[in-house]
Amino acid sequence: MIKHLYIHLPFCKRICAYCDFTKRVSNLKIMEDYMKKLIEEIDFNKDNLKSIETIYIGGGTPSFYPYLESILKKIKEVVDISKVKEYTIESTLETVLDYKTIYHKYGINRISIGIESLNKDTLKYINRPVYSKESIKDSISELIKNNISNINFDLIYSLPYETIDSIKDTLDLIKDIKPAHISYYDLIVEDKTKLAYDLKNNSISLLDEDTNILMRDLINDSLIDMGYNHYEISNYALNGFESIHNLSYWDLDDYIGLGLNAHSLVNNKRYSNTDSLKEYLNSKNFNDIKNYYEFERCSEYFLMGLRKTKGVSLSKYIKIFNEDPIVKYNLKKHIDNHLLEIDGDYLRFTKEGINLGNIVFEEFV
């Protein structure tokens, strides 16, 4: 039974320097054609959408998409919105209020705002407009007036030009606004991005590792002091506002993704739609544009589950796979070197282990 739905809207007003998500700047005709094809795909999958409990509309910048309401109408036709516990849409500060009056109408109850940074030089480099703290506070107030109070701030702490002082500035804003959820990521440099190109050509540099760790510790300690629960490596929530949809990924629940390059996990099979917009728009049968991937549930159990600060249940693993994971994956050495620890039935990262997680994750690849 599929309980989780992801919808991908790949269109952006501008392209950010660090982003490698499937996205593009397109004309109205292409965006209209995409709307029609996505509605077809939703119809094609309607029998799989009868028990949906979470919906996540990502991108791209969904709040920029001019045909968003057509998509929301279609979703409401095929999904019983009364059963949906969490309905998230991604946005930027630039567009977050464009659809403020219709979110509640279609059942959206959570917004994830890509803020990334408050550092002016950082924002200029990544191709984002600069907003004052006051304007951000005003936007949040408008959302609350329009029945959206479950708000996530999406941030990256190690972008070029970021400083300890600008991180403190961001944390001050969080303390003032107290959004329900914070996603605060370490930067990953992806191929085929402006950032990767600039690094290769030595026109930009990244922060040193010591500064990176200082920022990570400052963020973690400050958010916990503010009352946030650090429930996943990069995610913090006020009590009761942990992301149900994202937890479904980390718990390896079945989910279905619709739209360009959207990924799915259904009946122990992992697959994605094509990442070619032309192929997607011209498709006659949606089964023909799926790409299947090798999927080893036993290793994914740890690759995804160890992202949660609670860790993973050892007894559950043994019950499912009938083997001792400590032996199978040679994990005792990471317990001995204090990267992993066992707390009751749960295997989890230590604080040091979170910082050096890739060493442990290599055991499962």
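**Close-up views of a predicted model**

**Figure 1. The pair of strands E7 and E8.** Glu-232 stands opposite Asn-235, a residue of strand E8. The model shown here and in the following views is a predicted one. Strand E7 and strand E8, the latter made of residues 235-237, pair in the antiparallel sense, and 3 bridges link them. Both strands belong to an open sheet of 9 strands, in which the order is E7-E8-E6-E5-E4-E3-E2-E1-E9 and the pairing is mixed. E7 and E9 each have a single partner strand and stand at the edges, so one side of each has no neighbour in the sheet. From one strand to the next, the twist averages 20°.

**Figure 2. Strand E5 and its two partners.** Strand E5 covers residues 150-156, and 7 of its 7 residues are buried. In a regular strand, side chains alternate between the two faces of the sheet. On one side of E5 lie Asn-150, Asn-152, Asp-154 and Ile-156, and on the other lie Ile-151, Phe-153 and Leu-155; all are buried, and both faces of the strand are thus covered. Strand E4, residues 110-116, pairs with E5 in the parallel sense over 6 bridges. Within this pair, Arg-110 has Asn-150 of E5 as its bridge partner. E5 also runs parallel to strand E6, residues 181-185, and 5 bridges join the two. Here Asn-152 stands opposite His-181 of E6.

**Figure 3. The loop between strand E2 and helix H2.** Gly-60 lies in the loop between E2 and H2. The peptide bond that joins Gly-59 and Gly-60 is cis, with omega at about 20°. Pro-66 is placed in this loop too, between strand E2 (54-59) and helix H2 (68-78). Pro-66 counts as partly exposed, because its relative accessibility is 37%. Between the C-alpha atoms of Pro-66 and Leu-340 there are 47 Å in space, and the two residues are 274 apart in sequence.

**Figure 4. Two residues with positive phi.** Tyr-161 is not a glycine, and its phi has a positive value, near 75°. Tyr-161 is found in the loop between E5 and helix H5 (164-177). With a relative accessible area of 44%, Tyr-161 is partly exposed. Leu-252, likewise a residue other than glycine, has a positive phi near 60°. Leu-252 has its place in the loop between H8 and E9. The relative accessible area of Leu-252 is 5%, and this residue is therefore buried.

**Figure 5. Cys-16 and Cys-19.** Why is there no bond between the sulfur of Cys-16 and that of Cys-19? The sulfur of Cys-19 is the closest cysteine sulfur to that of Cys-16, but at 6.3 Å it is too far for a bond. A disulfide requires two cysteine sulfur atoms within 2.5 Å. Cys-19 is accordingly in no disulfide, and a search of the whole structure finds 0 disulfides. Cys-16 counts as buried at 12% relative accessibility, and Cys-19 is buried with a relative accessible area of 15%.

**Figure 6. The cavity.** Rolling a probe the size of a water molecule over the atoms shows where empty space is left. How many cavities of 30 Å³ or more does a search of the whole structure find? The search finds 1 such cavity. The largest cavity has a volume of about 30 Å³. Its lining consists of Glu-41, Asn-45, Ile-256, Gly-257, Leu-258, Ser-264, Tyr-271, Asn-273 and Lys-290. Strand E9 (256-258) and strand E11 (269-273) are the elements that give two or more residues to this lining. The most comes from E9, with 3 residues. By class, the lining of the largest cavity holds 3 nonpolar, 4 polar and 2 charged residues.

**Figure 7. The second largest pocket.** The volume of the second largest pocket is about 320 Å³. This pocket is lined by 19 residues, of which Trp-250, Asp-251, Lys-308, Gly-311 and Lys-316 are the closest to its centre. Several elements give two or more residues to the lining, including strand E7 (229-232), helix H8 (244-250) and helix H10 (297-305). Strand E13 (312-313) and helix H11 (314-321) are also among them. The lining of the second largest pocket has 9 nonpolar, 4 polar and 6 charged residues.

Note on methods. Residues are numbered from 1 along each chain as its sequence is written. This is a predicted model: local features need pLDDT of at least 70, side-chain atom pairs count only at pLDDT 80 or more; totals for chains, interfaces and linings use all residues. Side-chain values use heavy atoms; hydrogens and water are left out. On a 1 Å grid over the protein atoms alone, a cavity is a set of points where a 1.4 Å probe fits but cannot get out, and a pocket is an open set with protein on both sides within 12 Å along at least five of seven lines; lining residues have an atom within 4 Å of a point. Grid points are joined across faces, edges and corners, and a volume is the space filled by probe spheres set on the points. Helices (H or I, at least four residues) and strands (E, at least two) are DSSP runs, numbered from the N terminus. Ala, Val, Leu, Ile, Met, Phe, Trp, Tyr, Cys and Pro count as nonpolar, Asp, Glu, Lys and Arg as charged, and the others, Gly among them, as polar. Buried means under 20% relative accessible area, exposed over 50%, partly exposed in between (1.4 Å probe, protein chains only). Two strands pair if DSSP finds at least two bridges between them. Axes are lines fitted to C-alpha atoms, for helices over the stretch in contact, and angles run from 0 to 180 degrees between N-to-C directions.
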